[in-house]
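User: I would like to learn how to read the features of a structural model, one kind of feature at a time. Could you take me through some of them, with the general idea before each case?

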Amino acid sequence: MRSADASSGPGSLGWNRGSATLALLSFAMLIVSLDQYIVVVALPDIARDLGYSAQTLQSVISAYAVASAGLLLFGGRAADLLGRRRILASGLALYAGGALAGGLASGPGVLLAARAFQGVGGALVFPTTLALINTTFPEGRARNRALGIWGGAGAAGLVIGVLLGGLLTQAFGWEAVFFVIVALAGPALLLAFVLIPPDGAREKGRTFDLPGALGVTLGVTSIVFALVLGPGLGWLSPGILISAAVGLLLLGAFVVIERRSADPLMPPRLLSNPNLVTGVVIAFMFMATFGSVLYFLSVYFQEVLGYDALQTGAGFLIPTAVVVAGSTTAGRFVTRFGLKHTLVAALAIGALGAVLLGVAVSPDGSYVELVPGLVTLSVGDGVVFTTMFIAAATGVADREQGIASGIASTGSGVGAAVGLAVLVLVATAGLDDLTGERLRVATAEGISTTLFVVAGGILAMLLVAVTRCPTPPAPEPAPVPRLWRRC
């Protein structure tokens, strides 16, 4: 299936098959995105019921992040070689199974294993949905529109996760944040076999590059492990230093393996595509900045303003609506104004929003004071999320869309780990030994400072967008679209 509007013959869904497929892929992306933050507001209840300490509670989030980030390239390659429907279905099955185990967990160990399984599922679903979008819809207006809807679902999921997590935790307990994933992933798994055509025979002459896959998976996993757990265990602790060193060595070995491989996991020609490189850099920096703000706002709502889980979730209603609007319209902006102009404008708006939030966050602040910054930041958030994946997919052949998607999503996963690790250090500097009102005041001041740092990171992204305007190579035999020349 190449065209979004093509009929697929007898028994097909006819003209609406592309729309139905897009809805399914966007829904699957929503599940992945939602699951990353739905647990956040339930953490205090999880800690109380399962016996987590303040030092170990963050591992509920970390287990997902570590398992997911290291396997995204593997998931993208698997989608290209083994079949995208197979990999999507496998990922959704892991999601549903892991979520069921998480909701039934009676101890910390079982819950961490369940979160890791969900992370593996996410590493399969994320790049596969992106690859299916890029191979179903032709490059240009149709793909931009489709990626806008897909991106809207993904960007909204991050915010909806916090909202839904608050509602479910308040009404039914923390277990509900896991059971709802089962209820969502199950139907999506069944629909994948209805809407997505069966996978064809495996292409001859292509190998899985198992040494390369193992090297990059273990290397990225080790580095993300060090980044995620470094703030809690101490950056100079033996475990963190060993994990970081092993990760760097494995990534070095991966480079050597790829140079010698006849069919490398990451073909060098992909990295010569300026669109993909720019998309990966933006994805890394996006998750390190925009993607970290939700965490700090959740902390601010609960620990400074004293919101409960339900109130915290409700606090994200406004940004959810704005992010969805920004993401779904981003494709049209790119089609009309070009990728560079869209990125630069969105990043400038996002940086302004981070500054406005930094000014509004204070020990005696109110939600109303946050609204201008929340709206402005969310506009930039939504538009950039979609646009960076449009860039990463441009000029990539269909047979390599899976690995290209894996590269871009790995950039975003590592960026999330790096950003949160650095920004947590900024936000918590000077909080040691503080209690009561002094701790509350210092927490607000630390989050305010962190938001100004986020604004600086977004401005750095803006410089990348200005200096690295994506211009794809001319396709054959069609000329380069005028849209991209304008960029």
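User: Let me begin with charged pairs: what do the side chains of R440 and E437 meet in?

Analyst: A word of care before the case, since this is a predicted model. The general idea is that side chains of opposite charge can pair when their charged atoms come close. Here the side chains of R440 and E437 meet in a salt bridge, at 2.8 Å from N to O. Because R440 and E437 are three residues apart in helix 17 (residues 436-467), about one helical turn separates them.

User: Is R440 buried or exposed, and how does E437 count?

Analyst: The cut-off matters here, because buried means under 20% relative accessible area. R440, with a relative accessible area of 19%, is therefore buried, whereas E437, at 46%, counts as partly exposed.

User: How many salt bridges does the structure hold, and which residues are linked in a network of them?

Analyst: The structure holds eight salt bridges, and the residues D45, R48 and D49 are linked in a network. Within that network, D45 forms a salt bridge with R48, the closest N and O atoms being 3.6 Å apart; both residues lie in helix 2, three residues apart, which is about one turn of the helix. D45 counts as partly exposed at 21% relative accessibility, while R48, at 57%, counts as exposed. Another of the salt bridges joins the side chains of R143 and E139, at 3.7 Å from N to O. R143 is buried, with a relative accessible area of 3%, and its partner E139 is partly exposed, at 36%.

User: Turning to the interior, how many residues does the largest nonpolar core have, and which of them have the most contacts inside it?

Analyst: As a general idea, in soluble globular proteins nonpolar side chains tend to be buried together. In this model the largest nonpolar core has 133 residues, and those with the most contacts inside it are V39, I46, L88, W150, L347, L370 and I458. The largest share of this core, 16 residues, comes from helix 11 (residues 274-304).

User: Which residues is I46 in contact with, leaving aside its neighbours within four places in sequence?

Analyst: With those neighbours set aside, I46 is in contact with V39, G51, Y52, L111, W174 and F178. Of these, V39 is also listed among the residues with the most contacts inside the core, and F178 is one of the buried residues of helix 7.

User: What covers the buried residues of helix 7, and how does the span of that helix agree with what it should be?

Analyst: The general idea is to set the distance between the end C-alpha atoms against the span expected at 1.5 Å a residue. Helix 7 (residues 176-195) has 20 residues and should therefore span 28 Å, and its end C-alpha atoms are 29 Å apart, which agrees. Its buried residues are A176, V177, F178, V180, I181, A185, A188, A192 and L195. The elements that cover them include helix 1 (17-37), helix 2 (43-50), helix 4 (84-104), helix 5 (108-136) and helix 6 (141-172).

User: How many of the residues of helix 5 are buried, and which residues of helix 14 are buried?

Analyst: Helix 5 is mostly covered, with 21 of its 29 residues buried; those 29 residues should span 42 Å at 1.5 Å a residue, and the end C-alpha atoms are 42 Å apart, which agrees. Helix 14 (residues 339-360) has 22 residues and reaches 32 Å from its first C-alpha to its last, close to the 32 Å expected. The buried residues of helix 14 are L339, T342, L343, A346, L347, G350, A351, G353, A354, L357, G358 and A360. L347 is also one of the residues with the most contacts inside the largest nonpolar core.

User: What does S26 touch, not counting residues up to four places away in sequence?

Analyst: S26, whose place is in helix 1, is buried, with a relative accessible area of 7%. It touches I149, W150 and A153.

User: Finally, which residues form a nonpolar patch on the surface?

Analyst: W235, L236, L241 and L425 form such a patch, with about 410 Å² of accessible area together. L241 is placed in helix 9 (residues 238-260) and, at 44% relative accessibility, counts as partly exposed.

Conventions:
Residues are numbered from 1 along each chain as its sequence is written. This is a predicted model: local features need pLDDT of at least 70, side-chain atom pairs count only at pLDDT 80 or more; totals for chains, interfaces and linings use all residues. Side-chain values use heavy atoms; hydrogens and water are left out. Patches are made of residues with over 30% relative accessible area and no salt bridge: like charges are joined within 9 Å, nonpolar side chains (Val, Leu, Ile, Met, Phe, Trp, Tyr) within 5 Å. Accessible areas come from the Shrake-Rupley method with a 1.4 Å probe; for residues, only the protein chains shown count as cover. A salt bridge is a side-chain nitrogen of Lys or Arg within 4 Å of a carboxyl oxygen of Asp or Glu. Helices (H or I, at least four residues) and strands (E, at least two) are DSSP runs, numbered from the N terminus. Buried means under 20% relative accessible area, exposed over 50%, partly exposed in between (1.4 Å probe, protein chains only). A nonpolar core is a set of buried Ala, Val, Leu, Ile, Met, Phe, Trp, Tyr and Cys residues joined through side-chain atoms within 4.5 Å. Contact means heavy atoms within 4.5 Å. The expected span of a helix is 1.5 Å times one less than its number of residues.
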